[in-house]
Amino acid sequence: MGQAPDLDPKTQFRELYVREYPSVFRSVRAMVLDSATAEDLTQEAFVRAYRAREKYRPSGPPGAWLHRIAVNVAISYLRRQKLSRIIAPKLLAGPYLGDYGRVEAKTVLERALARLSPKVRAAVVLHYYHGYTRDEVAKALGIPSGTVASRIAKAMAVMRVELVGSEQKLEAARSER
Amino acid sequence: MKVYGKGDPLDHEVQAIQTEVSSWVPGRGPDWADLQARVVREPFVRLRVYLVSAATLTVIVAAAYFVMATFDLGSLSTQTVVEHTNSATR
């Protein structure tokens with residue numbers, strides 16, 4: 001968690017917005033795997049947070065509260081995308097490439113992340129990048145704490161397979177030269 | 001010695017995640033004016049969606065009623081009454 005003092009969303013929302021924007025963006029980016037979409041959804045998440053700021057109860061850090069809103073916004077977006085692909089696949093999107101590997105991954109790690117579901121990607125980023133505890137991740141994702149632990153463990157195992165596979169391919173390519 | 005389970009991340013894996021995620025930088029960054037504009041705009045957008053949905057539904061229901069009534073279709077068609085006469089009373 002950040003060491004900066006907690007800002008009150010009711011009275012210091014603008015400061016909170018500026019401070020938390022990059023971190024919320026990264027969580028959303030992990031879920032949708034696209035920067036432009038992530039920026040738009042991050043802004044949408046802050047709009048919702050701004051509207052709900054009076055209802056904020058300081059049971060946890062405001063960052064976790066913002067992440068919870070952002071995760072919900074991203075999940076709604078992904079559901080809409082999935083629905084639009086089912087309703088009008090040819091009009092609204094290109095060929096269906098599966099649930100998680102739609103966006104072209106740019107790096108090996110992004111490819112490994114793309115093998116996970118959006119919620120699990122969010123859990124990995126919230127836990128290993130933002131440093132949230134499993135309880136905080138559970139609250140943000142709306143799942144039990146024990147489920148977070150098992151999902152993160154499975155995610156790491158899946159990512160490891162992808163990373164090791166990429167390393168082996170790289171080694172093979174090097175040895176051919 | 002640290003013993004890793006199958007799903008436990010290795011230090012370099014956590015490092016790789018942190019490096020990767022750090023490289024994701026928003027292109028525009030926070031835009032307070034845009035946020036305020038969206039806050040003002042959103043209720044009207046939502047209201048418009050509701051109004052358009054309600055109007056569309058009304059048109060569909062009215063059109064269905066007129067088509068069914070005009071062409072004598074479905075439950076709006078002329079109802080046939082089956083008369084059961086008791087042969088014993090004849």
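**Exercise 1. A salt bridge inside chain A**

Both Glu110(A) and Arg29(A) are buried. Keep in mind that you're looking at a predicted model. Your task: work out which parts of chain A the pair Glu110(A) and Arg29(A) ties together.

*Solution.*
Step 1. Look at the side chains: Glu110(A) and Arg29(A) meet in a salt bridge, with 3.3 Å from N to O.
Step 2. Now place each residue. Glu110(A) belongs to helix 5 (residues 108–114) of chain A and Arg29(A) to helix 1 (residues 13–32) of chain A, so this pair ties together parts that are 81 residues apart in sequence.
Step 3. Check what else Arg29(A) is doing. Arg29(A) also lies over the face of Trp24(B), 4.5 Å from the ring centre.

**Exercise 2. Two more salt bridges in chain A**

Find out how Glu44(A) and Arg48(A) are placed in helix 2 of chain A, then sort Arg19(A) and Glu20(A) by exposure.

*Solution.*
Step 1. The side chains of Glu44(A) and Arg48(A) form a salt bridge at 3.4 Å, N to O.
Step 2. Count along the helix: Glu44(A) and Arg48(A) are four residues apart in helix 2 of chain A, so about one helical turn separates them.
Step 3. Compare each accessibility with the cut-offs: under 20% is buried, over 50% is exposed, and partly exposed is in between. Glu44(A) has 19% relative accessibility, so it counts as buried. Arg48(A) has 32%, so it counts as partly exposed.
Step 4. Do it again for the other pair. Arg19(A) and Glu20(A) meet in a salt bridge at 3.5 Å, N to O. Arg19(A), with a relative accessible area of 31%, is partly exposed, while Glu20(A), at 11%, counts as buried.
Step 5. For the overall tally, the count is eight salt bridges over all chains.

**Exercise 3. Rings that meet**

What kind of aromatic pair do Tyr50(A) and Trp32(B) form, and which chains does the pair join?

*Solution.*
Step 1. Start with the total: there are ten aromatic pairs over all chains.
Step 2. Take Tyr50(A) and Trp32(B). Their ring centres are 6.0 Å apart and the planes make an angle of 75°, and the pair is edge-to-face.
Step 3. Find the helices. Tyr50(A) lies in helix 2 (residues 35–51) of chain A and Trp32(B) in helix 2 (residues 32–70) of chain B, so the pair joins two chains.
Step 4. Ask about exposure: both Tyr50(A) and Trp32(B) are buried.
Step 5. Try another pair. The rings of Tyr65(B) and Phe66(B) have centres 5.5 Å apart and planes at 75°, so this pair is edge-to-face. Tyr65(B) counts as partly exposed at 46% relative accessibility, and Phe66(B) counts as exposed at 54%.
Step 6. Widen the view around Tyr50(A). One aromatic cluster is formed by Phe13(A), Tyr17(A), Tyr21(A), Phe46(A), Tyr50(A) and Trp32(B). On top of that, the charged end of Arg53(A) sits over the ring of Tyr50(A), 3.9 Å from its centre.

**Exercise 4. The surroundings of Ala74(A)**

Is Ala74(A) buried or exposed, and which residues is it in contact with, leaving aside neighbours within four places in sequence?

*Solution.*
Step 1. Locate Ala74(A): it's in helix 3 (residues 62–87) of chain A.
Step 2. Check the accessibility. Ala74(A) has 0%, so it counts as buried.
Step 3. Leave aside the neighbours within four places in sequence, and Ala74(A) is in contact with Val28(A), Met31(A) and Leu41(A).
Step 4. Now set sequence against space: from Ala74(A) to Ala122(A) you go 48 residues along the sequence, and the C-alpha atoms are 10.0 Å apart.

**Exercise 5. Where the chains touch**

Describe the contact between chain A and chain B: how many residues does each chain bring, and which helix of chain A gives the most?

*Solution.*
Step 1. Count residues: chain A brings 31 and chain B brings 30.
Step 2. Look at the area. About 3,000 Å² is buried between chain A and chain B, with carbon and sulfur atoms giving 64% of it.
Step 3. Look for charges. There are two salt bridges between chain A and chain B. Arg160(A) makes a salt bridge with Glu13(B), with the closest N and O atoms 2.8 Å apart. Salt bridges also link Asp40(A), Asp34(B) and Arg38(B) in a network.
Step 4. Add the polar contacts: 14 residue pairs across the interface of chain A and chain B, both residues at pLDDT 80 or more.
Step 5. Sort the side of chain A that touches chain B by helix. Helix 1, helix 2, helix 5, helix 6 (118–129) and helix 8 (145–176) of chain A each supply at least two residues. Helix 1 of chain A gives the most, with nine residues.

How values were computed: Residues numbered from 1 in each chain as written. Chains lettered and ligands numbered in written order. Predicted model: local features only at pLDDT ≥ 70, side-chain atom pairs only at ≥ 80, totals over all residues. Heavy atoms only, no water. Phe/Tyr/Trp six-rings, centres within 6.5 Å; stacked < 30°, edge-to-face > 60°. Buried < 20%, exposed > 50% of the residue type's maximum accessible area, 1.4 Å probe, protein only. Lys NZ or Arg CZ within 6 Å of the ring centre and 35° of its normal. Contact = heavy atoms within 4.5 Å. Salt bridge = Lys/Arg side-chain N within 4 Å of Asp/Glu carboxyl O. Buried area = accessible area lost by both parts, 1.4 Å probe. Polar contact = N/O pair within 3.5 Å; in protein donor to acceptor, adjacent residues only side chain to side chain.
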